[in-house]
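Please look at the model shown below before reading on. The report that follows describes two bound ligands and the residues around them.

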Amino acid sequence: MKILAIDTSCDDTSLAILEIKNSKFKILSNIVSSQVKVHRKYGGVYPILAKREHQRNLVPVLKESLLKSRLLKSKIKNQKSKTQIKNKKLKKILKQEEVFYKKLEKFLEKYQKPKIDVLAVTIGPGLDPCLWQGVNFARALGYVWNLPIIPVNHIEGHIFANLLPQIRSKSKIKNQKSKIKFPAVCLIVSGGHTQLVLMTPVRKASLSNGARRNWKYKIIGETRDDAAGECFDKTARILGLPYPGGPSITQQAAQLKLKVNPPTGGQKLKIFLPRPMLKSKDYDFSFSGLKTAVLYDFKKRPKKIRVSKEYIKEMAKEIQQAIIDVLIKKTIRAAKNYQVKTIMLGGGVASNKELRKQFKEKIKRDAPRSKLLIPNPEFCTDNAAMIAVAGYFNKKKSWRKIKAEPNLRI
Ligand code: KG4
Ligand code: ZN
């Protein structure tokens, strides 16, 4: 069985093809077309631009992923006329996307239906205009190629990234569903979300939707304002560091040596930021106060200091550590209280080196009965391979029933 998965929930156009044989996964291709350069000058994602980029990228990325998976085959002459009959309806599906339609029409006239069994697409949560690009693209392909579509929750995709290979491997990987022992908790930390999701087993029949998974989800805590990734992005902007903020802050923080020679006259600046909601008994988070604290500290420093390399590095380190402290504390508290057997991480922020290291150390020390799973960094940030795996565990539908749901909850 081969799944072609599409994710356009935010600013990356991602397509992946996953092969499942005897319950073993093999990623045939996983392509992420990043829009970072387009959005950098705005310091964050600009939805209308992101939509335009998805329209430009989807067909070329489809071609590239089929090519990489050795599934791209040109049509022979008499197959071409058949496509034209279908094009009227296709135009209807893509009625608001004139440019996009023309690109896809050309592609479909040139190439044969690939050996794909099912499509999977992110329907939410995400940015409305972006989600619709992937959804309409999947609907169009579903219609022309006569394939069912599996609607996927992006957050569930981030959880399923934990089933993708831990090391870069060309060989087939076992369906690692058994890696997750229940109850389990997953911390999802991305640009749009910070959630603690509890996973508990259920009898398959009780799901009543024919899905392959046999567990259910419950959000036990989430951010009350900004997401952790958003906090990285916004504080980086205050410091004049480029978007996306996570990697920029990480890079600055890593450069902080103990012996610095700052413009403060030989003494290391001592910056202390709050750890919001660290002591609250629930599993919720709040990061907007942290952003404000960074802004206050920044504003109160003389210009000479706040543009200095040392200030940026030290502030970056403190921002990173404040976020890590809260994330670890709340996750371990949840792990203990729910006596979970597996702790998982997911989302772009989980690719942070320091966070990964400290999570490993603290869980070993404070929650040794829980096993920690962290996806490879490339599967933490948005990608369609995780959407393909999540698709495998969920139910297919007709293309007619697929629509974007920007506020979808897990
Ligand atoms: O999961 P993701 O790729 O997209 C969303 O679904 O939002 O996450 C993107 C977020 C951005 O806020 C970015 O700054 C953050 O993940 N991020 C990081 C790192 N790499 C990406 N945050 C901290 N450290 C990193 N190394
Ligand atoms: Zn994401």
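## Two ligands in a predicted model

In this predicted model, 21 residues surround ligand 1, and those that come nearest are Gly191, Asp233, Gly246, Gly348 and Asp382. Some of the polar contacts that oxygen atoms of ligand 1 make with the protein are set out in the table.

| Residue | Atom on the protein side | Distance to an oxygen atom of ligand 1 |
|---|---|---|
| Gly191 | polar backbone atom | 2.8 Å |
| Gly246 | backbone N or O atom | 3.0 Å |
| His158 | polar side-chain atom | 3.2 Å |

Taken alone, ligand 1 exposes 550 Å², and 88% of that area is buried by the protein.

Two of the residues named so far also take part in the second site: His158 and Asp382 coordinate the zinc ion (ligand 2), together with His154. The two histidines each use their NE2 atom and Asp382 uses OD, at 2.0 to 2.1 Å from the metal. Along the chain, these donors follow the spacing H-x3-H-x223-D.

Where do His154 and His158 lie? Both belong to helix α6, which covers residues 154-160, and they are 4 residues apart, about one turn of the helix. Both His154 and His158 are buried.

The geometry of the zinc site deserves a careful look. The zinc ion (ligand 2) has 4 donor atoms, and the angles among them run from 93 to 141°. Four donors count as tetrahedral only if all angles lie between 85 and 135 degrees, so a site with angles reaching 141° does not meet that condition and is classed as irregular.

Key: Residues numbered from 1 in each chain as written. Chains lettered and ligands numbered in written order. Predicted model: local features only at pLDDT ≥ 70, side-chain atom pairs only at ≥ 80, totals over all residues. Heavy atoms only, no water. Donors = N, O, S within 2.8 Å, 3.2 Å for Na, K, Ca; no water. Tetrahedral: all angles 85-135°; square planar, octahedral: opposite > 155°, others 65-115°. Helix = DSSP H or I, 4+ residues; strand = E, 2+ residues; numbered from the N terminus. Buried < 20%, exposed > 50% of the residue type's maximum accessible area, 1.4 Å probe, protein only. Near = heavy atom within 4 Å. Polar contact = N/O pair within 3.5 Å; in protein donor to acceptor, adjacent residues only side chain to side chain. Areas by Shrake-Rupley, 256 points an atom, 1.4 Å probe, with all protein chains shown as cover.
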